[in-house]
Amino acid sequence: MADSVAVKPREAVTGPARGGGHRSTKRSRREARAAYLFLAPWFAGLLVITIGPILASLYLSFTDYSLLEEAKWVGFDNYVKMFTEDPRYISSLKVTTIYVVVSVPLQLAFALALALVLDRGLRGLAIYRSIFYLPSLLGGSVAIAILWRKVFGADGLVNALLGAFGIQGPGWVGHPDYALSTLIILHVWTFGAPMIIFLAGLRQIPSSYYEAAAVDGAGPLRQFRAITLPLLTPIIFFNLVLEIIKSFQSFTQSFIVSNGTGGPADSTLFYTLYLYLNGFRDYDMGYAAAMAWVLLLIIAGLTGVNFLASKYWVFYGDTK
């Protein structure tokens with residue numbers, strides 16, 4: 001009798017629990033099916049628009065393909081040609097490397113300096129942020145590239161200003177020694193995005209750090225070196241990685257300023273422009289696909305190097 005009394009409560013409790021668990025499992029499955037149904041367009045887009053073309057370009061990079069005829073397998077010939085038979089490829093790689101190495105540090109330094117000025121609590125800060133962010137929105141457009149070519153042309157605004165002081169300026173965009181410099185200036189001018197990120201990082205540094213440093217007698221320069229710069233290194237690292245990737249992909253400025261040639265004397269022949277010329281002017285799509293994969297490897301390699309080197313100079317709180 002005692003045993004039957006002891007068993008009945010366990011059965012009463014266990015029965016509903018099992019039924020409830022079963023209903024919960026069925027509900028979870030229905031929710032999962034609904035989630036996959038709603039995600040199906042995204043998965044289809046990922047497969048058709050992203051993964052499919054990536055794999056197709058990888059295959060085409062090992063072929064001789066002109067868009068008009070059937071692709072012919074040539075193995076690693078396209079990759080060998082880049083570094084042994086194509087001097088313009090080496091020139092494009094050199095021009096792009098100079099562009100990235102010079103323009104990215106200058107842009108980040110200018111963006112940080114302006115963020116430090118804006119962080120001092122200017123009246124109407126939101127307006128200043130919007131105004132200074134505009135170059136980042138417009139800098140990659142065709143209209144700004146055309147304007148830049150006019151400003152730095154032989155009869156442009158820059159030479160008009162120099163002429164007011166009796167200085168005869170060259171045709172900046174038409175001179176091999178200066179054409180790339182005008183594109184570097186244009187890239188530095190698009191400082192808005194990293195500046196906003198720097199400003200957000202500066203706002204996260206506690207003011208008590210600066211107050212304690214001031215009590216110890218540290219001046220503004222010492223505070224910047226000992227407090228601001230170390231605590232801002234994660235933001236600097238983030239902007240550095242993004243700007244390197246974006247700079248290697250620059251195309252519009254070079255295409256418009258040089259009229260799609262990379263001139264004068266290949267001085268503005270960016271990597272992406274030369275890739276475009278091979279693929280859509282010369283219809284050598286297999287070679288262009290190989291160039292695209294080399295560019296991917298270059299960007300991935302530099303990003304990996306940055307992440308490995310970051311442990312020596314990027315500080316996260318009390319760790320490095």
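At 52% relative accessibility, W42 counts as exposed in this predicted model, being over the 50% cut-off for that class. Its neighbour in the sequence, F43, is partly exposed, with a relative accessibility of 40%. The rings of these two residues, W42 and F43, have centres 5.2 Å apart and planes at 75°, so the pair is edge-to-face.

**Aromatic pairs and a charge over a ring**

Across the whole structure, a search finds 19 aromatic pairs. Another edge-to-face pair is formed by F110 and F191, with 5.0 Å from centre to centre and 80° between the planes. F110 belongs to helix α3 (residues 87–118), while F191 is placed in the loop between α7 (179–189) and α8 (192–203), so this pair ties together parts that are 81 residues apart in sequence. The two partners also have their own burial classes: F110 is partly exposed, with a relative accessible area of 42%, whereas F191 is buried, at 7% relative accessibility.

Aromatic residues are also grouped into a cluster, one of which is made up of Y59, F62, W73, F76 and Y79. A charged side chain meets an aromatic ring at K81, which lies over the face of Y287, at 4.5 Å from the ring centre.

**The largest pocket**

The largest pocket has a volume of about 360 Å³. Its lining is formed by A113, L116, V117, D119, R120, L202, I205, Y210, P220, Q223, F224 and T228. By class, this lining comprises eight nonpolar, two polar and two charged residues. Helices α3 and α10 (220–248) each supply at least two of the lining residues, and the largest share, four residues, comes from α10.

Helix α10 also holds I227, which is buried, with a relative accessible area of 11%. Leaving aside neighbours within four places in sequence, I227 is in contact with I205, Y209, Y210 and A213; among these, I205 and Y210 are also named in the lining of the largest pocket. From I227 to Y209 the separation is 18 residues in sequence and 7.3 Å in space, C-alpha to C-alpha.

**Two covered helices**

Helix α12 (residues 271–281) has eight of its 11 residues buried, so it is largely enclosed by the rest of the structure. The buried residues in α12 are Y271, T272, L273, Y274, L275, L277, N278 and G279, and what covers them includes α3, α10, α11 (252–257) and α13 (285–310).

Helix α7 is likewise mostly covered, with eight of its 11 residues buried. In α7 the buried residues are A179, L180, T182, L183, I184, L186, H187 and V188, and they pack against α3, α5 (142–151), α10 and α11. Helices α3, α10 and α11 therefore appear both in what covers the buried residues of α12 and among the elements against which those of α7 pack.

**Backbone features in the loops**

Most residues other than glycine have a negative phi, and most peptide bonds are trans. Against that background, the peptide bond from G263 to P264 is cis, with omega near 0°, and P264 lies in the loop between α11 and α12. At the other end of α12, the helix is followed by Y283, whose phi is positive, and Y283 is located in the loop between α12 and α13. A positive phi is also found at L67, which is not a glycine and which sits in the loop between β1 (63–64) and β2 (72–73). The table sets out the phi and accessibility values of these two residues.

| Residue | Phi | Relative accessibility |
|---|---|---|
| L67 | about 75° | 36%, partly exposed |
| Y283 | near 55° | 41%, partly exposed |

How values were computed. Residues numbered from 1 in each chain as written. Predicted model: local features only at pLDDT ≥ 70, side-chain atom pairs only at ≥ 80, totals over all residues. Heavy atoms only, no water. Phe/Tyr/Trp six-rings, centres within 6.5 Å; stacked < 30°, edge-to-face > 60°. Buried < 20%, exposed > 50% of the residue type's maximum accessible area, 1.4 Å probe, protein only. Lys NZ or Arg CZ within 6 Å of the ring centre and 35° of its normal. 1 Å grid on protein atoms, 1.4 Å probe; cavity = no way out; pocket = protein on both sides within 12 Å on 5 of 7 lines; lining within 4 Å. Points joined across faces, edges and corners; volume = space filled by probe spheres on them. Nonpolar A, V, L, I, M, F, W, Y, C, P; charged D, E, K, R; others polar. Contact = heavy atoms within 4.5 Å.
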